[in-house]
Amino acid sequence: MPGVIGVVDHRNAPRLSPLAGTFFGPDGGLLMLQDGVVPYAGCPVALVVARTPEQAKAAADALPVTYDEQPHDTHFSAGHPAARPASTVFGEDANVGDVEAELARSAVVVDEWYRTPEEHCGAMELHSATAWWDGERLQAVDCNQGPFIVATGLATLFSLEPERVRVRAEHVGGGFGSKGLCGPQLVLAVMGATLFGRPVRVTMSRHQVFLMTPPRPATEQRVRIGAGADGSLRAIDHEAAFEVSPLASYVENCVEPTKTLYAAAAIRTRLTAVPLDILPPFSVRGPGLTPGSFALESAMDEVAERLGLDPLELRLRNEPAAGPVSGLPFSRRDLVACLREGARRFGWADRDHRPRTRREGRLLAGTGLAATAFSTGALPSSASITAEADGSFTVAVGASDIGTGARTALIAVAADALRVGTDRIRMRIADSDFGPAWAAGGSRGTASWSWAITDAAAKLRERLGDPERPVTVTADTTRVLGGLPPRERHAYSAIFAQVTADPATGEVRVRRLLGMFAVGRVVNPLLARSQAVGGMIMGLSMALHEEGVRDRASGRQVNADFAGYHIAAHADVPDVEADFVPDYEPDDPSGIKGVGEIGTVGTAAAIANAVWHATGVRQRTLPIRVDRVLEDDPR
Amino acid sequence: MVDDARGEVSLRVNGTAHRLEVDNRRTLLDALRDSIGHTGPKKGCDRGQCGACTVLVDGRRVVSCLMLAVAADGCEITTVEGLAGGGELSPIQQAFVRLDGFQCGYCTAGQLCSAVGMLAEHAAGWPSAVTADVSPDLAAPRLDAAEVRERMSGNLCRCGAYPSIVRAVLETAARGQVAG
């Protein structure tokens, strides 16, 4: 066909190394076009390279592909026969005290199942990469959350020496986890560039982004909580099952909040992985804690209901003095400050805790809250700073700004560390040639990169007396981070929601959303507030709208676009309030914790709890769809 | 199927005339980005579901991924690059910057063009789905947050910059700076 340069498929694709992977281990999902097996619906079977996008699209549509169908299973349930204990990469299951004995002694026991569906990152920018060979060197401009990590993965995948691969991602249109890996767009672009000896750009369609970039796995979670009549928790038992692919290991660490949020005489957690014939799931904003806190914080609200206790008071009465499972001291724990200040601003003290007692015309109204923690810290990174002859400073760090404002924040950190104005800082980011650096992920980007920058600045300032210019110093935080004392290090938040529910239509609308956050030192309040607000809006979207739906017969997601998979739009979102209580991380030179993900974490539970307060019916399955509210309406 | 049928098209983009020979399958979005080099409009879905590619065609909001370039022949097109004049950002752009009406920025060009088109629609008296009184003899309905949210709902923002965007639009409208 006109314009076609060639087709890459499993017969001619460059061979890939099965060693490439992620934090969790080798990732067979990266091994595209290596054989004739299609392990999940949506897996690429060929790449057509043409001179123009129109020609490539027409040729791809015309490409004959024949399939033999084999048995497959994409239907998730916690009781699936293939269920097995999850990897312990995030630590062993908790097993503190005697859960059964404590439950038997409890005045009230909540024992419920909570369910969350597959959810997608849905970054607005389509995954796109351009790759070309520059002599012996592979060059790529990609959209990703960590160019160094992606370049390293790409080198492993194509069996190249790491120094022969350069990946840049200077401008990225949102990530939320989906751009944390060596993406299909990059792998396929490199294949095309390698086979056809020319630059190749691959831009995935929105449909392909849904089918080929990893979702948050569906979860089913059983939470049992026992409490004394005074509201003191006796036992928390949290079992969480989530789907995985046999191609790659992954852990949706739903039980993390259960291990750290509340004191209880007995705490037990279990993580179960259910392998299915699906694309390997991976981190979506607030991984683990987002579905996990929905279960835990919904169950806590149910405990308060059964005790006839203010849900705020229940949280305040179960503050731990040290890590409830780890026994480690908290570096700083400001959950109470978040709860109290959030309650004051929200007007929580006036709340009538009885459900289904407020009407506004035909609407039922209610309020709810949730508390959360999100683990924080820094991961090894390097940075270089050059003192230039003109008095300016060039800072080079492999950071990625996916919309967080990292570039802006790091300029402030560097200016602070060098004790000069921001106008003298030239910040260069997102180039794998800048050396090892953590990615924009885990709410650890700013903390990790800032630490490397402040270390480099300290070294450079010792040399500024020497008139030689330019002078460059490099710092790497690997060693200093290895020497940090073990602590429970978390950001905290309290989320308050006000909703209305229409019993006639089942529609839930969020009237008000307020979050108080303890995220360490806030580098840039404008940007940090936007992160918190945006995270809460993603949580709202998760609570009410988002659900990846699979057709069991084909195993394929049936709503793989923005018409079928609704994300919150302008009309779904009220004004959102977010603010910060004073906080700092004592072990971080800049006092930073992290703000990227915690906004998403508690919001779904706060909204679900508000829906109960409005309607008198618990919503234990997300999203809180109109049919679920309608069907469950007691009248 | 006829492959690679090509057509000639005249577009006036941000005041500059362009005469192009394009693949008839080429969308206005791809023509703006790949044929002319205006990369302000962004491709977020290529099927009219996200609004990131919104431009103004003869003053009206259009998702440029759903319009073929040949169908825009003879049209006057404004992209985000055309909103600023004389090296200075337009009032709506300044409001977005001041109020942090964006995070990753990918939807921003579409939000801005949509806001400019929407404010003009409102000023012309167009009602929306949330307008209480749609009597034809009424002047423009009162522009409040609910009206802005409804009218801007074709522009998705996954980062969740919505509250700041709504503030920026309302602030710009209150100053009477409809033209963007």
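1. In what order do the elements of chain B run from the N terminus on? The structure is a predicted model, and in chain B the order is β-β-α-β-β-β-α-α-α-α. Chain B thus comprises five helices and five strands.

2. The overall dimensions of chain B can be stated as follows. Its C-alpha atoms fill a box of roughly 50 × 35 × 30 Å along the principal axes. The radius of gyration of chain B is 17 Å, which agrees with the value near 16 Å that a compact globule of 180 residues would have.

3. Burial and contacts in chain B deserve a separate remark. Of its 180 residues, 51% are buried. Among the contacts in chain B with a separation of 6 or more, 57% are between residues 24 or more positions apart.

4. As to surface and charge, chain B has an accessible surface of about 7600 Å², and carbon and sulfur atoms account for 51% of this area. Chain B carries 18 positive and 21 negative side chains, and the centres of these two sets are 5 Å apart.

5. Two aspartates of chain B merit inspection of their backbone. B:D46, in the loop between α1 (28–36) and β3 (54–57), has a phi near 65 degrees, a positive value in a residue other than glycine. B:D46 counts as partly exposed because its relative accessibility is 36%, which lies between the limits of 20% and 50%.

6. The second is B:D100, which is placed in the loop between α2 (91–99) and α3 (108–123) of chain B. Its phi is near 60 degrees, again a positive value in a residue other than glycine. B:D100 has 6% relative accessibility and therefore counts as buried, the cut-off being under 20%.

7. In chain A, two cis peptide bonds should be noted. One joins A:R469 and A:P470, with omega about -10 degrees; A:P470 belongs to the loop between α11 (445–463) and β20 (471–476). Another joins A:L622 and A:P623, with omega about -5 degrees; A:P623 belongs to the loop between α15 (603–615) and α16 (626–632).

8. Finally, A:S493 lies in strand β21 (residues 490–501) of chain A and counts as buried because its relative accessibility is 0%. The side chain of A:S493 makes a polar contact of 2.4 Å with the side chain of A:T372. Leaving aside residues up to four places away in sequence, A:S493 touches several residues, including A:A370, A:A371, A:L335, A:C338 and A:I598. A:M516 and A:F517 are also among the residues that A:S493 touches.

Definitions and conventions: Residues are numbered from 1 along each chain as its sequence is written. Chains are lettered from A and ligands numbered from 1 in the order in which they are written. This is a predicted model: local features need pLDDT of at least 70, side-chain atom pairs count only at pLDDT 80 or more; totals for chains, interfaces and linings use all residues. Side-chain values use heavy atoms; hydrogens and water are left out. Helices (H or I, at least four residues) and strands (E, at least two) are DSSP runs, numbered from the N terminus. Buried means under 20% relative accessible area, exposed over 50%, partly exposed in between (1.4 Å probe, protein chains only). A polar contact is a pair of N or O atoms within 3.5 Å; within protein, one must be able to donate a hydrogen and the other to accept it, and residues adjacent in sequence count only if both atoms are side-chain atoms. Contact means heavy atoms within 4.5 Å. The radius of gyration is taken over C-alpha atoms; the globule rule is 2.2 Å times the number of residues to the power 0.38. Accessible areas come from the Shrake-Rupley method with a 1.4 Å probe; for residues, only the protein chains shown count as cover. Lys and Arg count as positive and Asp and Glu as negative; His and the chain ends are not counted. The place of a charge is taken as NZ of Lys, CZ of Arg, CG of Asp or CD of Glu.
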